[in-house]
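Q: I am new to reading protein models and would like a close look at one part, the cysteines. Could you walk me through them in a friendly way?

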Amino acid sequence: MTHSEGVRNAALCFLARVNRFRQSSSKNAAEISEQLAQTDIIPNHGSYLMKIFIGSPPVERWSVADTGSDLICVQCSPCFQCYHQDVSSFDPTKSSTYKSRSCGSSNCALVPQRQHKRGNSNQCLYIYLYGDQSYTLRDLATDSIGFGTSDGQSVSFPKSVFGCGHGNLGKFNSTWQDLD
């Protein structure tokens with residue numbers, strides 16, 4: 001497999017995860033195929049970063065194209081333990097479509113049993129641990145996640161499930177702007 005084929009496969013796996021956790025679809029998302037959805041991808045110390053847009057209004061973020069995880073995660077404010085990044089954390093209070101998921105939701109049931117618990121306000125709290133001792137934890141949520149398309153338009157996946165990490169620790173390069 002060539003380098004560009006590997007990058008393309010990683011991006012398609014990421015898009016498949018978005019579709020897996022997508023609770024509902026819009027006409028725009030339903031009409032576009034994964035072949036047309038595209039994003040900027042850049043190498044970063046053995047990993048690949050891809051551009052996504054999250055929230056309403058959409059905020060640009062770079063996320064790790066991680067084929068070994070089924071949860072998209074970003075650092076969220078307030079952040080009580082986070083790694084350095086060059087941009088501010090995603091602020092869920094500024095997105096009109098952000099919604100924290102309850103512990104009894106079908107979305108929370110998709111997270112492996114040992115990786116989630118009920119919060120004080122019945123919200124679904126997650127924790128994902130990775131092989132390099134890094135982790136992300138806090139609120140399982142839904143919001144709009146978008147990508148560019150090959151014709152210069154954009155496609156948005158409303159109610160996409162993601163991890164809104166208020167505690168993140170890892171061996172990340174300071175140019176990484178979000179964790180997946």
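Q: Before we get to the cysteines, what is the mean pLDDT of the protein chain, and what percentage of its residues reach 70 or more?

A: Good place to start, since this is a predicted model. The mean pLDDT of the protein chain is 76, and 71% of its residues reach 70 or more. Confidence is lowest in helix 2 (residues 27-31), with a mean of 47, and highest in strand 6 (residues 99-100), at 96. There are also two stretches to keep in mind: the pLDDT is below 50 over residues 20-30, and again over residues 173-180. Where pLDDT is low, the predicted coordinates should not be read in detail.

Now to the cysteines. A search of the whole structure turns up two disulfides. One of them joins C76 to C164, with 2.0 Å from S to S. This link is left-handed, with -120 degrees about the S-S bond. It connects distant parts of the chain, 88 residues apart: C76 sits in the loop between strand 5 (73-75) and strand 6, while C164 belongs to strand 10. Is this pair buried or exposed? C76 counts as buried because its relative accessible area is 0%, and C164 is buried too, because its relative accessibility is 0%.

The other disulfide joins C108 to C124, again with an S to S distance of 2.0 Å. Here the angle about the S-S bond is 70 degrees, and the link is right-handed. C108 lies in helix 3 (residues 106-110) and C124 in strand 8 (residues 124-129), so this bond ties together parts that are 16 residues apart in sequence. Both C108 and C124 are buried.

What about cysteines without a partner? C73 is in no disulfide, and the nearest cysteine sulfur, that of C76, is 9.1 Å away. A disulfide needs two sulfurs within 2.5 Å, so C73 does not qualify at 9.1 Å. C73 is nonetheless buried, with a relative accessible area of 0%. C103 is in no disulfide either; its nearest cysteine sulfur, that of C108, is 4.3 Å away. C103 counts as buried at 16% relative accessibility, because buried means under 20%.

To finish, let us return to strand 10, where C164 lies. The largest nonpolar core has 16 residues, and F90, I145, F147 and F162 touch the most other members. Strand 3 (47-54), strand 9 (135-149) and strand 10 (154-169) each give two or more residues to this core, and the largest share, four residues, comes from strand 10.

Note on methods: Residues numbered from 1 in each chain as written. Predicted model: local features only at pLDDT ≥ 70, side-chain atom pairs only at ≥ 80, totals over all residues. Heavy atoms only, no water. Core = buried A, V, L, I, M, F, W, Y, C linked by side-chain atoms within 4.5 Å. Buried < 20%, exposed > 50% of the residue type's maximum accessible area, 1.4 Å probe, protein only. pLDDT = per-residue confidence, 0-100. Contact = heavy atoms within 4.5 Å.
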